[in-house]
Amino acid sequence: MLTKWNTSINLVSVSTLPDIWARHVEDSAQLWSLVSQPWTHWVDLGSGGGLPGIVVAIIAKSLAPHGTITMVESDQRKSTFLRAVIRDLDLNAKVLAGRAESVEPLSADVLSARALAPLKDLLPFVMRHLKPTGEAIFPKGRTVEAEIAEAQKQWRFDFDSHTSRIAPDSVVLSVRNVSRV
Ligand SMILES: C[S@@+](CC[C@H](N)C(=O)[O-])C[C@H]1O[C@@H](n2cnc3c(N)ncnc32)[C@H](O)[C@@H]1O
């Protein structure tokens, strides 16, 4: 469905399509095993083509059927795509077609966002949508150290950095206990 819809909506860069499994599916799926605590509500912000939200929902269907995934996507056409996938695959997931800063607070146990914004701009979303005991999980590239330093000017937070299984120069950042400096 991603490949088919990508011809009319720009869900992923066309140059990545030949390597779609590793670049997008495995890259999203690796988040699953990095979450360190039980969860019932996973929120994915700026899901675009369902990365990682749809991939997480597919895994959850067999491994965590109690889990609900909410995807927040500001683009109406991408939201329509996400709803079509949820319907076709009968996933326990829903889409809020709106902006992360304006949808109602979502009280997530896990919050993810891939390629949405630098860390300093993600942390206000963490404050709005993640439970105080929850965990945020962000795939990040080579700029991660600079993003952490920039974010620490305004925020306190605990974090762990996990080397990506897919791209050795990337990491998955796990963030907890966020508060303003
Ligand atoms: C670069 S794309 C990444 C999409 C997907 N997460 C991925 O990794 O392929 C960013 C997505 O976030 C959406 N977006 C941008 N700002 C947003 C916001 N404030 N709230 C919700 N979605 C947003 C865009 O429409 C776009 O689909």
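P18 sits in the loop between helix 1 (2–5) and helix 2 (20–34), where helices (H or I, at least four residues) and strands (E, at least two) are DSSP runs, numbered from the N terminus. With 8 C-beta neighbours inside 10 Å, P18 counts as exposed; the scale calls a residue buried if 20 or more other C-beta atoms lie within 10 Å of its own, exposed if 12 or fewer, and partly exposed in between, with C-beta atoms placed from the backbone. Between the C-alpha atoms of P18 and T163 there are 24 Å, and the two residues are 145 apart along the chain. The model is a predicted one, so to speak of local features takes pLDDT of at least 70 and side-chain atom pairs count only at pLDDT 80 or more, while totals for chains, interfaces and linings use all residues. Residue numbers start from 1 along each chain as its sequence is written.

Next comes the sheet. It is open, has seven strands in the order 3-2-1-4-5-7-6, and its pairing is mixed; two strands pair if DSSP finds at least two bridges between them. Strand 3 and strand 6 (155–163) stand at the edges with a single partner strand each, so one side of each has no neighbour in the sheet. From one strand to the next, the twist averages 20°. Angles here run from 0 to 180 degrees between N-to-C directions, and axes are lines fitted to C-alpha atoms, for helices over the stretch in contact.

Strand 1 (residues 41–45) and strand 2 run parallel and are joined by five bridges, with H41 partnered by T68 of strand 2. Helix 3 (residues 53–63) packs on the sheet and touches strand 1, strand 2 and strand 3, its direction making about 170° with that of strand 2. Contact between two residues is taken as C-beta atoms, placed from the backbone, within 7 Å. As for burial, G53, I54, V55, V56, A57 and A60 of helix 3 are buried, and their cover includes helix 2, strand 1, strand 2, helix 4 and strand 3.

Strand 2 (residues 68–73) also runs parallel to strand 3 (residues 93–97), again through five bridges, and T70 has K94 of strand 3 as its bridge partner. On the way from strand 2 to strand 3 the chain passes through helix 4 (residues 76–89), and this β-α-β crossover is right-handed: with the strands pointing away from the viewer, the path from the first strand over the helix to the second runs clockwise. Helix 4 lies across strand 2 and strand 3, at about 170° to strand 3.

Around the ligand there are 18 residues, of which G46, G48, S74, A100 and R114 come nearest; a residue is near if its C-beta atom, placed from the backbone, lies within 6 Å of the molecule. The shell splits into seven nonpolar, five polar and six charged residues, with Ala, Val, Leu, Ile, Met, Phe, Trp, Tyr, Cys and Pro counted as nonpolar, Asp, Glu, Lys and Arg as charged, and the others, Gly among them, as polar.

A few backbone oddities round things off. Most residues other than glycine have a negative phi, and most peptide bonds are trans. L51 and P52, however, are joined by a cis peptide bond with omega about 5°, and P52 belongs to the loop between strand 1 and helix 3. S107 is not a glycine, yet has a positive phi of about 50°; S107 lies in the loop between strand 3 and strand 4 (108–113) and, with 13 C-beta neighbours inside 10 Å, counts as partly exposed. A115, also not a glycine, has a positive phi near 55°.
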